[in-house]
Every structure is written in C-alpha cells, then in structure tokens.
Amino acid sequence: MSTSNIKAENDTVNPTVVDAKVEISAESKTIKSENNGVLPTVVDKKVEQPTAILPANLEQNIVKQLSFYFSDTNLPYDKFLQNEIKNDDGWVKIDVLLTFKRLASLSKDPSVIAQAVKNATDSIVEVSECGEKIRRKADSAVPVADQEFLNEMIARSIYCKGFPKTATMDELLEYASTFGDKIITKVTPRRLKTKEFKGTLYFTFNTKEEAEKFLNLESVKYKDVELERKWEKDFLEEKKKEYEDKLAKKDQKIKAETEKYFKKGYLLKVDNVDASVTVDSIKTICAGFEWQVAFVKIVENEKLAWIRLKPVKTAKDLLEEVAEKVSDLDIKFSLPDEEVEQTVLNEMTKEMKGVLNMKDKMKREKNKNKGGKRYNKRRNDDGNSGNKRFKANGN
C-alpha cells in the first residue's frame with residue numbers, strides 16, 4: 001500500500017492573540033485592549049483582569065488541528081506522537097505539540113492552546129489541570145494500526161486526479177471543507193520523491209457511505225477542472241498490476257539477455273563449502289570427474305558455490321554419471337531449482353557485462369592515447385621538417 005502518511009493540516013489562521021492578563025495602572029482612566037474593547041476606570045493601584053476571550057475562529061481551528069493530530073486517521077500512524085503518549089498516560093506537552101508547524105502557525109502561546117481546548121464542547125482532546133498538556137480523551141481508545149484497520153480506511157477513501165501541481169495543502173484542505181464539516185477526515189496528497197505534489201490525492205471520508213456519495217456525484221470540479229475519481233482500493237489494484245507487468249517485462253528482458261551468454265541446464269550448486277574449500281580445490285574435483293568447467297564462484301556468507309559447466313553435457317547427466325563417486329572434500333553437488341538457476345545466471349550475466357564494459361573502456365582509452373601519441377609525433381615531425389628546410393635555405 002503506497003498511501004502516504006501525510007498530515008491533513010487545517011487552514012492557517014494568524015489572528016492577533018490577546019494576552020491572558022492585562023495590568024492597569026492607577027493613573028489610567030480608560031484603556032483600550034488589543035481587540036479595541038474599552039476597560040472601565042480603575043482606582044486601585046493594580047487590578048488583574050480575567051482571561052481574555054479568544055476569537056471563535058481561532059479556538060475552532062486550534063481544536064480542529066489538535067483533534068486531527070489525535071484522530072483515528074492520524075494517531076495510529078504517527079510514530080512520533082505514539083512514542084510521546086506512551087511516556088505519560090497519553091498526555092503530550094503543549095510545548096511539544098507546538099513543534100508542529102501548523103499548530104504553531106495558529107498560536108505559539110501554550111496558554112492560548114490550553115484555553116481553546118478548555119472551551120471546546122465537542123472534541124476528542126482534553127487539557128490537563130495544570131494547563132500544560134493535551135491528550136486524547138481517556139474514554140476514546142486509540143485504534144491499533146494493523147492491516148485490518150488500514151483496509152477499513154482504504155475502504156472509505158477516494159482517489160482523485162486533476163488538481164494543479166502548484167496547489168498548496170491549505171488550498172486542498174479548504175476545498176475538502178466545502179463538502180461539509182467532518183465529511184472528509186483526511187487529505188493525503190501523493191508526492192514525488194522530491195516532495196512535489198503530483199496533482200493527485202486520497203480523500204478519506206468519515207464513512208464509506210459518504211465516500212460512495214461523493215464518488216456517485218455527476219460532476220466534481222476543482223477550479224473548473226473535472227476531477228477523475230475512483231475508489232482508492234481500485235486505484236491501488238491498478239497500480240499493483242502496472243508494477244507487476246513492468247517487472248515481468250524487465251524480467252523477460254533480463255532473461256533474453258542472459259540467454260545470449262549462458263544456456264540453462266549447465267549450472268551446479270555446491271553445498272557445505274567451508275573455509276577450507278577453494279575455487280582451485282573444486283576445480284580439481286571436477287577435473288577428476290572429467291567435467292568441463294567454465295567458471296566457479298564461491299559465496300562465502302552462504303557457504304555454497306556455483307559451478308558453470310561448458311555446454312557439452314548437462315549438469316543433470318553429469319551428476320547421474322558420478323552418483324557413486326566420492327571426493328576428498330565433504331561437499332555436495334545438486335541441481336538448483338529453475339527459478340534459482342535463472343536468478344544466478346542473471347547475476348552472472350550482470351557481472352560479465354560489467355567486466356566486458358570495463359575492458360571496452362580500457363581499450364578505448366588505450367586507443368585514444370595511442371592516437372594522441374601518433375598525432376603529436378606527426379605534428380613534431382612536421383615541425384622539425386620545417387626547421388630543416390628553413391636551415392637549408394641558409395636563413
């Protein structure tokens with residue numbers, strides 16, 4: 001499953017944050033607060049005002065962002081948060097959460113974050129009594145991110161194609177919100193290795209019914225561009241088939257290339273190859289059996305070796321001929337499976353091509369140097385001839 005685990009962040013909102021406390025001197029008669037409110041005349045030396053009211057949209061966006069971090073669609077796959085909640089009974093310090101860029105873009109003040117959660121009436125998160133930590137409510141268990149849960153998420157996710165590659169995460173989230181509050185619970189852009197947006201994404205819906213409703217809409221457009229839509233499961237199956245076909249074509253190409261160098265049926269496997277066994281000792285045993293060997297390769301970490309025979313007699317025929325014979329070494333010969341044989345021969349082809357390419361490169365460099373010497377010698381000879389003629393003229 002290629003689904004990217006990318007956090008669906010909320011729209012960036014940067015309203016003015018009102019200080020939690022305002023101190024007023026005795027000399028003041030009226031003082032305007034940051035939100036243009038007017039405070040009453042003060043006669044005491046200093047009066048501590050109650051906590052200021054945050055703008056509603058700021059509170060909503062803060063709670064919405066925190067709810068996403070601790071949601072079913074994110075928390076089971078967020079390794080960082082998973083590690084944090086294990087350390088303190090599910091609690092995460094607000095200072096830690098403020099290392100997340102999207103939350104910090106809303107407010108960098110921990111007291112503002114805490115107040116927003118306190119004022120929330122419908123949220124899956126809660127704030128600690130000290131006001132320094134946030135957690136998912138204790139009565140809301142965190143789903144286990146197993147294959148069953150992943151399949152359930154995929155079952156209510158829609159693949160969409162047709163977005164401009166320049167679209168930002170905020171723009172995509174704003175578009176998703178147009179389908180209703182809490183209808184689309186996660187937006188997962190698909191990206192290149194360079195992190196650039198590919199113009200395609202997955203919308204994960206709150207329910208499969210909502211996803212199906214979206215899929216069955218007659219037309220869905222993004223800025224006048226019709227979006228291609230299909231179930232994520234169907235899209236993944238198509239991509240899997242494409243990948244398998246690509247591998248099959250690649251394997252066929254490698255197989256055809258291998259057949260140019262080696263024929264199948266002439267490879268022997270050697271087991272029980274310990275440190276005392278060498279290429280020469282294996283060749284000596286093969287010579288005693290009158291086998292015509294082309295190549296021997298020892299794979300030390302697997303304690304085995306491969307013998308590539310010359311295409312005179314097949315490996316199967318040779319093994320039958322020496323079935324009763326024994327060797328000085330405690331090694332065992334056998335025929336590899338067809339798939340294993342193909343893999344080994346492919347690797348030998350790759351190595352041989354590397355050697356041949358290196359030889360060709362060295363040959364080209366050698367001829368290049370020779371050509372340069374000949375050119376320099378000819379140029380020097382021409383120069384010397386001119387000097388001789390110059391002197392012969394008596395000048």
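**Exercise 1. Check the length of helix H9 in this predicted model.**

Let's start with a ruler test. Helix H9 covers residues 232-261, which is 30 residues. At 1.5 Å a residue, the helix should span 44 Å, where the expected span is 1.5 Å times one less than the number of residues. The end C-alpha atoms of H9 are 44 Å apart, which agrees with the expected span.

Now look at which side chains are covered. Glu232, Phe235, Leu236 and Thr258 are buried in H9. An α-helix has 3.6 residues a turn, so residues three or four places apart point the same way. With that in mind, find Glu232, Phe235 and Leu236 on the helix, all buried.

**Exercise 2. Decide how far to trust each part of the chain, using pLDDT.**

Begin with the whole: the mean pLDDT of the chain is 81, and 78% of its residues reach 70 or more. Next, go to the start of the chain, where pLDDT stays under 50 over residues 1-51. The model has 104 contacts beyond four places in sequence for residues 1-51. Then turn to residues 386-395, where the pLDDT is also below 50. This stretch has one contact in the model beyond near neighbours in sequence.

**Exercise 3. Describe the chain as a whole, from its secondary structure to its surface.**

First, the secondary structure comes to twelve helices and 17 strands. Second, 35% of the 395 residues count as buried. Third, take the contacts with a separation of 6 or more: residues 24 or more positions apart account for 65% of them. Finally, the accessible surface comes to about 25,900 Å², and 49% of this surface belongs to carbon and sulfur atoms.

**Exercise 4. Place strand E10 among its partners.**

Find residues 197-205, which make up E10. Eight of the nine residues of this strand are buried, so E10 is mostly covered.

On one pairing, strand E8 (residues 157-161) runs antiparallel to E10, and five bridges join the two. Cys160 stands opposite Leu201 in E10.

On the other pairing, six bridges join E10 to strand E9 (residues 184-191), again antiparallel. Here Arg191 has Phe197 of E10 as its bridge partner. E9 and E10 form a hairpin with five residues between them. In the turn, Lys195 has a positive phi of about 75°.

**Exercise 5. Work out the surroundings of Phe205.**

Phe205 belongs to strand E10. Its relative accessible area is 1%; the cut-off for buried is under 20%, so Phe205 is buried. Phe205 and Ile184 are 21 residues apart in sequence, yet their C-alpha atoms are 4.3 Å apart in space. Leaving aside neighbours within four places in sequence, the contacts of Phe205 include Arg156, Ile158, Ile183, Ile184, Ala211 and Phe214.

**Exercise 6. Examine two loop residues, Asp78 and Ser123.**

Take Asp78 to begin with. Asp78 sits in the loop between helix H1 (56-69) and helix H2 (79-87). Asp78 is buried, with a relative accessible area of 5%. A polar atom of the Asp78 side chain lies 3.2 Å from the backbone nitrogen of Phe80.

Now repeat the steps for Ser123, in the loop between helix H5 (110-119) and strand E6 (125-127). Ser123 is buried, with a relative accessible area of 10%. The Ser123 side chain reaches the backbone nitrogen of Val125 at 3.1 Å. Beyond its neighbours within four places in sequence, Ser123 is in contact with Val63, Ser67 and Lys137.

Methods
Residues numbered from 1 in each chain as written. Predicted model: local features only at pLDDT ≥ 70, side-chain atom pairs only at ≥ 80, totals over all residues. Heavy atoms only, no water. Helix = DSSP H or I, 4+ residues; strand = E, 2+ residues; numbered from the N terminus. Buried < 20%, exposed > 50% of the residue type's maximum accessible area, 1.4 Å probe, protein only. Polar contact = N/O pair within 3.5 Å; in protein donor to acceptor, adjacent residues only side chain to side chain. pLDDT = per-residue confidence, 0-100. Contact = heavy atoms within 4.5 Å. Areas by Shrake-Rupley, 256 points an atom, 1.4 Å probe, with all protein chains shown as cover. Pairing = 2+ DSSP bridges.
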